[in-house]
Structures are given as structure tokens and as C-alpha cells.
Amino acid sequence: MNAFWSSLLWFLAGAVVAAIVTFFVTKKYFEKQLKEHPPVNEKMIRAMFMQMGRKPSEAQIRQVMKSMKM
């Protein structure tokens, strides 16, 4: 019975270490992706409106930003 508890303890320790390593690797990857592909900002929305041949008002830009945050 002692071998069972010992192996269970080693399994749980390994699972905790794997979870911690996975967390930090995933966090690093996510930060790298955000740096390479930043989220949409007001400048990008303005450029998109201009490409469509429209001059956007500030209210339109705020409305688009608000709809994207939902």
C-alpha cells in the first residue's frame, strides 16, 4: 500500500510541475503573438474607413471600438 501512495504523490508532483511549466510557456507565446499582431486600434479603424472612401467622425470610431470590445 505504501508504494501506491508514493507513486500517487510522484504523479501529483509531476502534474503540478507540468501545469506550472505549461502556464509560463503559454503566457510567453501569447505575449509574443500580441506583440506581432496587435489588437485593432482607432488608427486602424480610421484607415479602414478611408480605404472605403469615407471620412469617419469620432462618434463612428468610438462606436466601432465599443462594438469590438463586446
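**Note on a three-helix predicted model**

1. Gln51 has its place in helix H2, and this residue is a convenient point from which to start reading the model, which is a predicted one. With a relative accessible area of 70%, Gln51 counts as exposed, because that value lies over 50%. Its C-alpha atom is 56 Å in space from that of Leu12, and 39 residues separate Gln51 and Leu12 in sequence.

2. The overall fold can be described briefly, since the protein has three helices and zero strands, and its elements run α-α-α from the N terminus on. The radius of gyration of the protein is 24 Å, well over the 11 Å that the globule rule gives for 70 residues, so the protein is more spread out than a compact globule. The extents of the C-alpha trace can be set beside this value, for along the principal axes the trace spans about 75 × 20 × 15 Å.

3. How much of the protein counts as buried? Of its 70 residues, 7% fall into that class. The protein exposes about 6,500 Å², and 70% of this area is supplied by carbon and sulfur atoms. As for charge, the protein carries 11 positive and 4 negative charges, and the mean positions of the two groups are 3 Å apart.

4. Two residues of the N-terminal helix are worth looking up in the structure. Val21 is found in helix H1, where it counts as partly exposed because its relative accessibility of 47% lies between the 20% and 50% limits. Val21 and Trp10 are eleven residues apart along the chain, and their C-alpha atoms are separated by 16 Å. Glu31 also has its place in helix H1 and is partly exposed, with a relative accessible area of 44%. Between Glu31 and Met65 there are 22 Å, C-alpha to C-alpha, and the two are 34 residues apart in sequence.

5. How many salt bridges does a search of the whole structure find? The search finds two. One of them joins the side chains of Lys32 and Glu36, with a distance of 3.5 Å from N to O. Lys32 and Glu36 both belong to helix H1, which covers residues 2-36, and they stand four residues apart, or about one turn of the helix. Lys32 is partly exposed at a relative accessible area of 45%, and Glu36 is partly exposed as well, at 44% relative accessibility.

6. The salt bridge between Glu58 and Arg46 has its closest N and O atoms 2.6 Å apart. This pair links distant parts of the chain, given that Glu58 lies in helix H3 (residues 58-69) and Arg46 in helix H2 (residues 42-51), twelve residues apart. Glu58 counts as partly exposed at 39% relative accessibility, and Arg46 counts as partly exposed at 31%.

7. Helix H3 also holds Arg62, which is exposed because its relative accessible area of 53% is over the 50% limit. The C-alpha atoms of Arg62 and Glu42 are separated by 8.1 Å, although the two residues are 20 residues apart along the chain.

8. The aromatic side chains deserve a separate check. A pair of aromatic rings is described by the distance of the centres and the angle of the planes. The count for this model comes to two aromatic pairs. Why is the pair of Phe4 and Trp5 edge-to-face? The planes of the Phe4 and Trp5 rings stand at 70°, with the centres 5.2 Å apart, and the pair is therefore edge-to-face, a term that applies to planes over 60 degrees apart. Phe4 itself counts as partly exposed, at 45% relative accessibility.

9. Phe23 and Phe24 form an aromatic pair that is likewise edge-to-face, with 5.1 Å from centre to centre and 75° between the planes. Is Phe23 buried or exposed? Phe23 is exposed, because its relative accessible area of 51% is over the 50% limit.

Terms used. Residues are numbered from 1 along each chain as its sequence is written. This is a predicted model: local features need pLDDT of at least 70, side-chain atom pairs count only at pLDDT 80 or more; totals for chains, interfaces and linings use all residues. Side-chain values use heavy atoms; hydrogens and water are left out. Rings of Phe, Tyr and Trp (its six-membered ring) pair if their centres lie within 6.5 Å; planes under 30 degrees apart count as stacked, over 60 as edge-to-face and the rest as tilted. Buried means under 20% relative accessible area, exposed over 50%, partly exposed in between (1.4 Å probe, protein chains only). A salt bridge is a side-chain nitrogen of Lys or Arg within 4 Å of a carboxyl oxygen of Asp or Glu. Helices (H or I, at least four residues) and strands (E, at least two) are DSSP runs, numbered from the N terminus. The radius of gyration is taken over C-alpha atoms; the globule rule is 2.2 Å times the number of residues to the power 0.38. Accessible areas come from the Shrake-Rupley method with a 1.4 Å probe; for residues, only the protein chains shown count as cover. Lys and Arg count as positive and Asp and Glu as negative; His and the chain ends are not counted. The place of a charge is taken as NZ of Lys, CZ of Arg, CG of Asp or CD of Glu.
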